[in-house]
Every structure is written in C-alpha cells, then in structure tokens.
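Welcome! Take a moment to look over the sequence and the 3D view below, and then let us walk through some of its features together.

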Amino acid sequence: MLRKLEKISSKVYLALIFLFLYAPIFALVVFSFNNSKSMAKWQGFTFKWYGELLKNDRILTALYYTILVAIISAVISTILGTISAIGINKAKNSTKTLLLNINYLPVLNPDIVTGIALMSLFGFFALERGLLTMILAHITFNVPYVILSVLPKLRQLPPNIEDAALDLGASPSYALRKVILPQIKSGIAAGFLIAFTMSIDDFVISFFNTGGKVTNLSIEIYSMARRGIKPEINALSTLMFVVVLILLLIVNKKQSIVRGDIID
C-alpha cells in the first residue's frame, strides 16, 4: 500500500513539475489564437495573427537575421570547437588543465561583461557594428560550449585508436576524417545544436554588438516590450515551438528505429 502511494505521489509531483514548466508555453499558444490584442481577456478564436505575422516586415526581417546569424555562427563555432577539442585532448595534462580553465571563463563569465568586452574590442579595431560583429560575437561565446560537448566523446575513445589507424597505413588526415570524426559525431551534433540554440536565444551580447540596421528577434521583442508585445510574436513563438517539437519527435523516432535494428 505504501509503495502504491509513493508511486502515485511521485507521478503527481512529476505532473506538477511539467505543468509548471509548460504552463507559460501553453498560455502563449492559446493566446496566439485570441481575437484580442490583450492577453488579459479571451475574445474568440482566430487565425488572423498568423496572417498579420506574414505582413510584419520588421518581425520577418528580425527572424531572417536571427536564423542567418545562428546558422553561420553555429557552423563556424562547431568547426573551430571540434578542432580545438581535439587539440586539447592531445595536450599534456598541465597544458590541458590550463586550456580547460581558460575555456571555462567565457562560460562562467556574465553575458554583460562578455558583450561589453567584445564591443570594446570591435571599437578598438574600428569595426562598424552590424551583421559581421554580431556573427563574430556569437562565434566567440559558442566555441567554448562546442568544446565542452565534443571533449567527453574524445575521452571515451581508446587511447591508441589513432596510432592503430596510422600503423595500418592511414595518413593523419585520413585517420581524422574516417576514424576520429565518425566516433565523435554525436558530440559534434550536440555542440552544433547547443550553439544554434544559444545564438537564437541570446540578447545581451547581441544588443551590445549590433548596429541599428541589424536586429534579431530578442532585440526586436525587447524594443516592443516598452509599448507592449504584439500578438504576432505569440504566433511566431507558437510556430517555433511546433517546429522544435516536430524535430524532437523525428529524432526520437529515428533513435528508436536504430535501437530496434540493433536489438534485432
């Protein structure tokens, strides 16, 4: 009897936790179909805000720059982070410890400090703030996260796997492309997704390192907050949530199929 009560209580706690986490998203989705600009009162079901979203050039332009910067910075930071992680993994223990501590600094550093520091650096080199400086800033704060994502996969590899490939006649570049990278591809993919997500989510660093002509969604929403968030943002956020949910379901489905094939 006590075990049944414990199981029921654990399920209730779990349900409350998920309700607490997803209640704001559920409210956002519901009010994206509200026939009123206000989220204080429900005035009927409508799709008009999705139509208005397609007519709002400012939001669509901000979305374009958000995705563009996220893709470019994620790709470049994934390449740089993977190369850096391989180099750190090959370093001696003392050098490895020093490099890891240096890598932790941007992760632990407050965003506002990083943002102002990068803004000062770009000003020192007389770089006009805009798309280029935003991409460079995003690459800078994304690379450490890619390194931390790839390193655990490198540590799981057999210590002499590269030497074995070289002994069998492989060149260093061939061993890297055909032996090392395939073994750590899950860490690389995770690093890319982390970099892409953080780039879309970032506000503080983007705010200090972009000009007036280039804004992302976070900056655009911040500028709207002074006058009130438009319902089109609710529609856009709902669409983004649905896209992410569909991608997660596809990934989980593929993983279940792969596991089933392995078991068979």
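## Aromatic pairs

This is a predicted model, and a good place to begin is with its rings. The count of aromatic pairs comes to 14. Take Phe203 and Tyr222: their ring centres are 5.0 Å apart and their planes meet at 45°, so this pair is tilted, as planes between 30 and 60 degrees apart count as such. The pair links distant parts of the chain, with the two positions 19 residues apart: Phe203 lies in the loop between H9 and helix H10 (204-208), while Tyr222 belongs to helix H11 (residues 217-225). Phe203 is partly exposed, at a relative accessible area of 25%, and Tyr222 is partly exposed too, at 38%.

Another pair is formed by Phe207 and Phe208. Here the ring centres lie 5.6 Å apart and the planes stand at 85°, which is over 60 degrees, so the pair is edge-to-face. Phe207 is partly exposed, with a relative accessible area of 36%. Elsewhere, ring pairs join Phe33, Phe45, Phe47 and Tyr50 into a cluster.

## Helix H9 and its two sides

Now follow helix H9, which covers residues 185-201. With 17 residues at 1.5 Å each, H9 should span 24 Å, and its end C-alpha atoms are indeed 24 Å apart, so the two values agree.

Which residues of H9 are buried? They are Gly187, Ile188, Gly191, Ala195 and Ser199. Viewed down the axis of H9, these buried residues fall within an arc of 105°, so they line one face of the helix. An α-helix has 3.6 residues a turn, so residues three or four places apart point the same way. On the other side of H9, Lys185, Leu193 and Asp201 are exposed. The buried residues of H9 pack against three partners: helix H3 (57-90), helix H6 (131-155) and helix H8 (172-183).

## The nonpolar cores

In soluble globular proteins, nonpolar side chains tend to be buried together. In this model, the largest nonpolar core has 23 residues, and those with the most contacts inside it are Ala85, Ile147, Val150, Leu151, Leu154 and Ile184. H3, H6 and H9 each supply at least two residues of this core, with the largest share, nine residues, coming from H6.

What does Val150 touch, leaving aside residues up to four places away in sequence? Its contacts are Thr82, Ala85, Ile184, Gly187 and Ile188. Apart from the largest core lies another one, of 12 residues, among them Phe33, Tyr50, Leu53 and Met224.

Terms used. Residues are numbered from 1 along each chain as its sequence is written. This is a predicted model: local features need pLDDT of at least 70, side-chain atom pairs count only at pLDDT 80 or more; totals for chains, interfaces and linings use all residues. Side-chain values use heavy atoms; hydrogens and water are left out. Helices (H or I, at least four residues) and strands (E, at least two) are DSSP runs, numbered from the N terminus. The expected span of a helix is 1.5 Å times one less than its number of residues. Buried means under 20% relative accessible area, exposed over 50%, partly exposed in between (1.4 Å probe, protein chains only). The arc is that of the directions from the helix axis to the C-beta atoms. Contact means heavy atoms within 4.5 Å. A nonpolar core is a set of buried Ala, Val, Leu, Ile, Met, Phe, Trp, Tyr and Cys residues joined through side-chain atoms within 4.5 Å. Rings of Phe, Tyr and Trp (its six-membered ring) pair if their centres lie within 6.5 Å; planes under 30 degrees apart count as stacked, over 60 as edge-to-face and the rest as tilted.
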